[in-house]
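Me: I'm new to this one and would like a walk through it. Could you show me the structure and then take my questions?

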Amino acid sequence: MPSVDLGKLYDGMQQEMEAGLKTGASVLMHPGMKGDDTEDNWREWLMAYLPNRYAVAKGVVIDADGNESEQIDVIIYDRQYSYLVLKHNETFLIPAESVYAVFEVKQSLNKGYMEYAQQKTESVRKLKRTSVAIKHAGGKYDPKPLHEIVAGLLTTTSDWVESGIIDNIAENLSENELKKLDVICCVAAGTFICDQGNKTISYCDKSKSLVYFLLKVLEKLQEIGTVPAIDYNAYAQKIEVHQHS
């Protein structure tokens with residue numbers, strides 16, 4: 001029976017993925033421009049590899065009470081049922097109910113950027129999310145329980161030596177549930193999956209960093225399934241409504 005060498009297939013995918021992420025990074029000298037370029041590349045990369053049911057954007061996450069997160073570099077949100085994605089100037093405003101995952105993008109992996117990503121994560125996870133029943137031909141489904149929003153940090157390089165990365169990541173993970181990072185991808189060093197409940201960090205060799213990252217993100221998205229149905233009445237509460245009879 002014919003077979004596929006997945007190892008070689010993943011090697012080819014890794015090279016292709018790295019090429020996409022590095023586009024323009026070496027020619028942009030201004031740090032701010034390089035940072036913006038890297039963020040764009042990560043978003044384009046994810047859009048190219050994720051199924052069409054997901055959308056990817058930079059923006060702010062909001063809730064029905066008008067609260068908002070800090071600006072998030074990469075937001076993976078629902079494309080099919082997210083009818084309430086808004087835009088203010090050039091900023092996407094995405095309802096918290098629609099969000100699957102959020103990632104901070106930085107050039108390098110270090111303590112400061114881990115703390116920064118954790119702060120951004122907390123600003124999203126503390127937002128209020130609604131969930132209402134979903135009608136179908138035979139009746140209705142109960143409101144879907146709220147899923148945990150996946151969070152992580154995406155970098156190209158690391159300020160830590162390769163032999164010390166695991167210990168440094170473990171030392172700088174927050175015990176605060178709202179801040180915890182689930183996935184840290186460093187293209188030059190590997191992808192690290194942080195399971196703080198079991199106090200374990202699973203990781204891969206740097207030669208498969210992007211392939212492993214994609215597979216683990218897909219797994220986490222699969223576990224979530226579909227986002228909850230938004231309570232649009234909650235979002236409409238700020239609108240003054242008049243009735244005439």
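**Salt bridges, surface and fold**

Reply: Let's start inside helix H2, where Asp 40 and Arg 43 are three residues apart, so about one helical turn separates them. This is a predicted model. In it, the two residues form a salt bridge, with their closest N and O atoms 2.5 Å apart.

Me: Is Arg 43 buried or exposed?
Reply: The cut-off for buried is under 20% relative accessible area. Arg 43 has 10% relative accessibility, so it counts as buried. Its partner Asp 40 has a relative accessible area of 34% and is partly exposed. For Arg 43, then, the word is buried.

Me: Which residue forms a salt bridge with Lys 58?
Reply: Lys 58 lies in strand E1 (residues 54-62), and its partner sits in helix H2 (residues 31-49), so the pair ties together parts that are 19 residues apart in sequence. At 26% relative accessibility Lys 58 is partly exposed, while the partner is buried at 10%. The closest N and O atoms are 2.9 Å apart, and the partner is Glu 39.

Me: Which residues are linked in a network of salt bridges?
Reply: One link is the bridge between Asp 40 and Arg 43, and another is the one between Lys 58 and Glu 39. These pairs belong to one network. Its members are Glu 39, Asp 40, Arg 43 and Lys 58.

Me: How many salt bridges does a search of the whole structure find?
Reply: To count, a Lys or Arg side-chain nitrogen has to be within 4 Å of a carboxyl oxygen of Asp or Glu. Asp 40 with Arg 43 fits, at 2.5 Å. Over the whole structure, the search gives 13.

Me: How many residues apart are Arg 125 and Asp 182?
Reply: These two form a salt bridge, with the closest N and O atoms 3.0 Å apart. The pair links distant parts of the chain: Arg 125 is in helix H3 and Asp 182 in the loop between H4 and E11. Their separation in sequence is 57 residues.

Me: Which side chain makes a polar contact with the side chain of Asp 182?
Reply: Asp 182 is buried, at 5% relative accessibility. Leaving out neighbours within four places in sequence, its contacts include Glu 148, Phe 192 and Lys 220. The polar contact comes in at 2.9 Å, and the side chain is that of Lys 180.

Me: Where is Tyr 113 found?
Reply: Tyr 113 is partly exposed, with a relative accessible area of 32%. Not counting residues up to four places away, it touches Lys 106, Ser 108 and Leu 153. Tyr 113 and Leu 154 are 41 residues apart in sequence, with their C-alphas 9.9 Å apart. Tyr 113 is found in helix H3.

Me: Which residues form a nonpolar patch on the surface?
Reply: One member, Val 4, lies in the segment before helix H1. Val 4 is exposed, with a relative accessible area of 62%. Together the patch has about 280 Å² of accessible area, and its members are Val 4, Leu 6 and Leu 9.

Me: What is the radius of gyration of the chain?
Reply: The chain has six helices and 13 strands. The globule rule gives 18 Å for 245 residues, and the chain's value is close to that, so it is as compact as a globular protein of that length. The radius of gyration is 20 Å.

Definitions and conventions
Residues numbered from 1 in each chain as written. Predicted model: local features only at pLDDT ≥ 70, side-chain atom pairs only at ≥ 80, totals over all residues. Heavy atoms only, no water. Patch = residues over 30% accessible without salt bridge, like charges linked within 9 Å, V, L, I, M, F, W, Y side chains within 5 Å. Areas by Shrake-Rupley, 256 points an atom, 1.4 Å probe, with all protein chains shown as cover. Helix = DSSP H or I, 4+ residues; strand = E, 2+ residues; numbered from the N terminus. Buried < 20%, exposed > 50% of the residue type's maximum accessible area, 1.4 Å probe, protein only. Polar contact = N/O pair within 3.5 Å; in protein donor to acceptor, adjacent residues only side chain to side chain. Contact = heavy atoms within 4.5 Å. Rg over C-alpha atoms; globule rule 2.2 N^0.38 Å.
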